[in-house]
Amino acid sequence: MGFKTLCLGLFCISFLSYIYTPVPDNIEETWKVMALDAVAKTCTFMALCLENIGIMRYEDFISMIIRLDYIQPLSDEYVTVIDTAFVDIPVRLYLPKRKSEIPRRAVIYIHGGGFCFGSFKQRAFDFLNRWTAERLDAVVVGMDYRLAPEHHFPAQFEDGITLLKFFLQDEILAKYGVDPTRIAISGDSSGGTLAAALTQQVQIDPEVRHKIKLQALLYPGLQVIDSYVPSHRENEHGVVLTRDIAIKLVSLFFTKDEALPRAMRRNQHMPLESRPLFKFVNWSTLLPDKYRKNHVYSEPMLGRSAYSLPALMDSRASPLLASDAQLQNLPLTYVLTCQYDLLRDDGLMYASRLQNLGVQVAHEHVEDGIHGALSYMTSPLNLRIGLRIKDMYITWLDKNL
Ligand SMILES: *[C@@H]1O[C@H](CO)[C@@H](O)[C@H](O)[C@H]1NC(C)=O
């Protein structure tokens, strides 16, 4: 009896210390954020337990929970909302009801979720897309894409290209009353990765006649070749998105091979021939002083793992790896970064590279921002930081699109 109680007590203590993350002082609504983090870490813990005892996979458990948050399309007095497909890519369209004398602006929105989870059906993305349509009097296309690990890279990118080639045709734009010169691509987190990769592609693709006016990247992930940049170090145990989880999701995006996450944890997952790419993610030159702080740069350790995965060197998965010549073609770009975000430095380095090349960049940094904040702006959390980020993004979009 005494022994069992002791074991239970020890288990509780180690579990609480596992899920407990100190939340930085300047984050508002501390209790909500701590509750969010505790729930996320408990779910992760349960998912990993179920995976280890062979009941279900980690990603199946997490998607089951995220699915509870999906909502049906619902029209209101301002917008008609419908679920349909472009070619075979599922989309949710938000079409303003008011008559318009002139063609409308359009926004293609790509949801985040580590390439493994999520949909435009999630409450927060549905809210954001509806809000965009109403505030901007714009046509909004929320797109889904095939998810990992059933579908590895580049399925997600290919779905995006299929959708863009379909939507950017004259007949289709005319059908929805869209102005071909005022189209944006936006995305958050892994949706930001896709938005950046797709924008790089459509700007040079001769098959796409209408180009994108601007891209908006909200706390995007933009590279996987260095898994130990300063924001990874500082947010290793960050709110919701920890380094372990990020590595697990990124690995599932590419392969089922367990050797990748193991090598990535040591930051030794890249082959020798990837050396020339490291100048594109050299945070010792690309990060402003303020973020570099006292972190010490060390040269990449290459060729330490037995396998080589070409996809890890592909700019469609890591838009930061595009050459200067490719980046020069980019349209006006909005980058939003959060201080307490594992992916922070990806956005900062992309903004630096684009600025150095003379691409027009608007960068906003949120000092008390956390990764994924937009996903928590609706009920039950109604997180203020998410609503604030939404307002920053929408204000910029309205002015510039
Ligand atoms: C990164 O930049 C530093 C200078 O700050 C330089 O010494 C180093 O060789 C660079 N490394 C790579 C891989 O580009």
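1. First, a word on terms: UniProt annotations such as "active site" are given here in the numbering used for this model, and they may be inferred rather than shown by experiment. Keep in mind too that this is a predicted model.

2. With that said, the unreviewed UniProt entry puts the "active site" annotation on Ser 189, Asp 341 and His 371. These residues are spread over 183 residues of sequence, yet they cluster in space, with a largest C-alpha distance of 10.3 Å. Try finding Ser 189 yourself: look in the loop that sits between strand E5 (178-188) and helix H7 (190-204).

3. The unreviewed UniProt entry also lists a "domain: Alpha/beta hydrolase fold-3", given as residues 107-255 and 311-373. Take the two stretches in turn. Residues 107-255 are 44% helix and 17% strand, and the C-alpha atoms at the ends lie 31 Å apart. For residues 311-373 the figures are 27% helix and 30% strand, with 29 Å between the end C-alpha atoms.

4. Now for the ligand. Which residues surround it? They are Phe 278, Lys 279, Asn 282, Ser 284, Thr 285, Tyr 297 and Glu 299. Some of these are worth zooming in on. Asn 282 has a polar side-chain atom 2.3 Å from an oxygen atom of the ligand, and for Ser 284 the distance from a polar side-chain atom to a ligand oxygen atom is 2.9 Å. Glu 299 deals with a nitrogen atom instead: an N or O atom in the Glu 299 side chain is 3.1 Å from a nitrogen of the ligand.

5. Next, a pair of helices. Two packed helices are described by the angle between their axes and the distance between those axes. Here, helix H4 (residues 123-136) and helix H15 (residues 384-400) cross at roughly 35°, and their axes come within 11 Å. The crossing is right-handed. On the H4 side, the contact is made by Phe 127, Leu 128, Trp 131, Thr 132, Arg 135 and Leu 136. H15 brings Leu 387, Lys 390, Asp 391, Tyr 393, Ile 394, Leu 397 and Asp 398. Sorted by class, this contact has eight nonpolar residues, four charged ones and one polar one.

6. Finally, some backbone details to check. Most peptide bonds are trans, and most residues other than glycine have a negative phi. Where are the exceptions? The peptide bond from Ala 148 to Pro 149 is cis, with omega near -5°. Another cis bond runs from Phe 153 to Pro 154, with omega near 5°. Pro 149 is placed in the loop between strand E4 (139-143) and helix H5 (155-167), and Pro 154 is also in the loop between E4 and H5. As for phi, Glu 29 has a positive value, near 50°, though it is not a glycine. You can find Glu 29 in the loop between helix H1 (2-19) and helix H2 (30-52).

Technical notes: Residues numbered from 1 in each chain as written. Predicted model: local features only at pLDDT ≥ 70, side-chain atom pairs only at ≥ 80, totals over all residues. Heavy atoms only, no water. Axes fitted to C-alpha atoms, helices over the stretch in contact; angles between N-to-C directions. Helix = DSSP H or I, 4+ residues; strand = E, 2+ residues; numbered from the N terminus. Left-handed = near helix turned anticlockwise from the far one by under 90°. Contact = heavy atoms within 4.5 Å. Nonpolar A, V, L, I, M, F, W, Y, C, P; charged D, E, K, R; others polar. Near = heavy atom within 4 Å. Polar contact = N/O pair within 3.5 Å; in protein donor to acceptor, adjacent residues only side chain to side chain.
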